[in-house]
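This report describes a protein structure for a reader working at the bench. The sequence and the model are shown first.

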Amino acid sequence: MSINARAAAGSAPATVLRVAAVLADPAAGRLDGPAEIRLEHGRIAALTPLGNGLPEDASEVQPLIALPAPANAHDHGRGLRSAAFGAHDEALETWLAGLAREPLVDPWLRAAVAFGRMVEGGAGIANHCHNTQRGDRLLQEAQGVAKAAADVGLRIAFALPFAGRNAVVYGELDRLLQRVPPGDHDALRAMRAGGRSLAENLALMEQAAAFEHAGFQLQYCPVGPQWVDNATLAAIARGSADSGRRVHMHLLETRYQREWADAHYADGLIAHLDAIGLLSPRLTVAHAVWLTPAECELLAERGVIVAANASSNLRLRSGIAPVRAFRASGLRFGIGMDGMSLDDDDDLLREMRLLRQLNRGTAGEPDFDAGALFTAACVDGRRSVLGDDGGGRIAVGAPADLLLLDSRRFSRDCLAPGRDQWLALMLTRMRAEDIAALYIGGRAVAVGGRACGVDLPALEAELTALARAARALAPPDESRIGRLRAGVEDYYRAGCHGP
Ligand SMILES: [Zn+2]
């Protein structure tokens, strides 16, 4: 059997689920009553209401709530968390220097562990913004990620990285070299010179397309405007328009990125991206912490989707994204974890609650209701990864991508527990341990808190052992990382990225 056939949405046998409540249309922000949901050939084949209460003979039925599977709209699929290899939370620009500590490991194992954690945390759909471990082996890495997605059973978009400038800092490398000892200069110059050309990357896109299957599709990933030359950005805009392939790009994540952009684009970075045709309904931008309200309006008009990453932005000191401005302008957004969830546990349900609580405003302003939250997580986040595929709802004919939550833990102390309380309780309390099951394409990919396609505890143990062995063989050069961190910090403090 090929990967294609295994991951194909129709391969699972028919399944009948009996649930106590259904969030059929996330935007409605309403739980409908008990229902039977039949999954067949990867789709929802029937949705039958069971009346106003659970049937008498169903007393053993768990009080389950079915909702469309949420999406993790931005991530990197690092099986080994950055805190595990010693890149602890700090401002993004110096944190990036610490990523050099990640040991080289098997690409399949690295992604399988990350994806296993994601499905246990409630994400059935995910963006995988690929961080290459070995630039000369990108194709093998993509193949490993494609297999991991099929083995775990989630749907991912593999965003293939394009760069082209400013590999080390935003702006002139020479001004950084003045701030680090001469012995480090050659290595930093090599980082600038290294990297694949645009033509090489476009050829790799063609080759990697051979790995595509129902759970793995390719996207262009111009890593971020400060790291990608203008010719490459323009070529990707054209390529996306011609092929229909989506584009995923970091955008205005930090204050320094905003200052760099303002100093380098006289008419504005966003206006430049618009002029070259990059702003389109095919574009997802990650973070967007430093967008202005006027820029939100333009992005909304162009149909761009944001992947908001509340935990990551807190941990890397990037700020709090202007989600209220997103909502006011009609700019759609999904919710991502960026491999940096608050407790490093990839709990997408907690991440949803955190993003909402950070962006509710104060009394007198419109609240952030359940409809808006589940639209972000289940509809627009999904669209940012997969495009319009008919998913994000529980209806006959939609893909059988469902999350089942068990309401017992979060309602156990309620004096009048019942369905009318559940949605409000989910906004306050839901977390990964409430997940009864996650179905993707009709296949159970997580049940009772455990990934089904892989033995995650065993893979995690294997990955940690391999990474420790790799680190023992080639330990990170801590003093060099320390010198680079200090140089980078001074570079930005001195305003070298600015005018
Ligand atoms: Zn990221």
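The report takes up the metal site, the strands, one helix and the salt bridges in turn.

The model is predicted, and every value below was computed from it.

**The zinc site**

Four side chains coordinate the zinc ion: His74, His76 and His250, each through NE2, and Asp338 through OD, at 2.1 to 2.4 Å. Along the chain these donors follow the spacing H-x1-H-x173-H-x87-D. Because His250 belongs to strand β10 (residues 247-251) while Asp338 sits in the loop between β13 (332-335) and α14 (348-358), this pair ties together parts that are 88 residues apart in sequence. Both His250 and Asp338 are buried.

The angles among the four donor atoms run from 81 to 174 degrees, and the site is irregular. Four donors would count as tetrahedral only if all angles lay between 85 and 135 degrees. For comparison, the ideal angle for four tetrahedral donors is 109.5 degrees.

**An enclosed strand**

All five of the five residues of strand β7 (residues 125-129) are buried, so β7 is largely enclosed by the rest of the structure. Both of its faces are covered, with Ile125, Asn127 and Cys129 on one side and Ala126 and His128 on the other. Strand β7 has parallel partners. Strand β6 (residues 71-72) is joined to β7 by two bridges and runs parallel to it; here Ala71 stands opposite Ile125. Strand β8 (residues 155-162) also runs parallel to β7, and five bridges join the two. Within this pairing, Ala126 has Ile156 of β8 as its bridge partner.

**Antiparallel strands**

An open sheet is formed by three strands in the order β1-β3-β4, with antiparallel pairing. Its edge strands are β1 (15-19) and β4 (43-49), each of which pairs on one side only. Neighbouring strands in this sheet are turned by 20 degrees against each other on average, direction ignored. Five bridges join β1 to β3 (residues 35-40), and Val16 has Arg38 in β3 as its bridge partner.

Further along the chain, strands β15 (residues 435-440) and β16 (residues 443-447) run antiparallel and are joined by four bridges. Ala437 is partnered there with Val447 of β16. The two strands form a hairpin with two residues between them, and Gly441 in the turn has a positive phi of about 55 degrees. Strand β16 also pairs with β17 (residues 450-451), in the antiparallel sense and over two bridges. The bridge partner of Ala446 is Ala451 in β17. These strands, too, form a hairpin with two residues between them, where Gly448 in the turn has a positive phi of about 60 degrees.

**A two-sided helix**

Which residues of helix α11 are buried? In this helix (residues 293-302) they are Glu295, Cys296, Leu299 and Ala300. They cover an arc of only 140 degrees around the axis, which puts them on the same side of α11. Ala294 and Glu301, on the other side of α11, are exposed. An α-helix has 3.6 residues a turn, so residues three or four places apart point the same way.

**Salt bridges**

The structure holds 37 salt bridges. Side chains of opposite charge can pair when their charged atoms come close. Three of the pairs are listed here.

| Pair | Closest N to O distance |
|---|---|
| Arg483 and Asp184 | 2.7 Å |
| Asp345 and Arg350 | 2.7 Å |
| Arg431 and Glu433 | 2.6 Å |

Arg483 and Asp184 meet in a salt bridge. Since Arg483 lies in helix α19 (residues 478-493) and Asp184 in the loop between α5 (173-177) and α6 (185-193), the pair ties together parts that are 299 residues apart in sequence. Arg483 is partly exposed at 30% relative accessibility, whereas Asp184 is buried with a relative accessible area of 8%.

In the second pair, Asp345 is partly exposed at 31% relative accessibility, and Arg350 is buried with a relative accessible area of 18%. In the third, Arg431 counts as partly exposed at 28% relative accessibility and Glu433 as exposed at 53%.

Salt bridges also link Arg155, Arg382, Asp389 and Asp401 in a network.

Methods
Residues are numbered from 1 along each chain as its sequence is written. This is a predicted model: local features need pLDDT of at least 70, side-chain atom pairs count only at pLDDT 80 or more; totals for chains, interfaces and linings use all residues. Side-chain values use heavy atoms; hydrogens and water are left out. Donors are N, O and S atoms within 2.8 Å of the metal (3.2 Å for Na, K and Ca); water is not among the atoms, so sites may look incomplete. Four donors count as tetrahedral if all angles lie between 85 and 135 degrees; four count as square planar and six as octahedral if opposite donors are over 155 degrees apart and all others between 65 and 115; anything else is irregular. Buried means under 20% relative accessible area, exposed over 50%, partly exposed in between (1.4 Å probe, protein chains only). Two strands pair if DSSP finds at least two bridges between them. Axes are lines fitted to C-alpha atoms, for helices over the stretch in contact, and angles run from 0 to 180 degrees between N-to-C directions. A salt bridge is a side-chain nitrogen of Lys or Arg within 4 Å of a carboxyl oxygen of Asp or Glu. The arc is that of the directions from the helix axis to the C-beta atoms.
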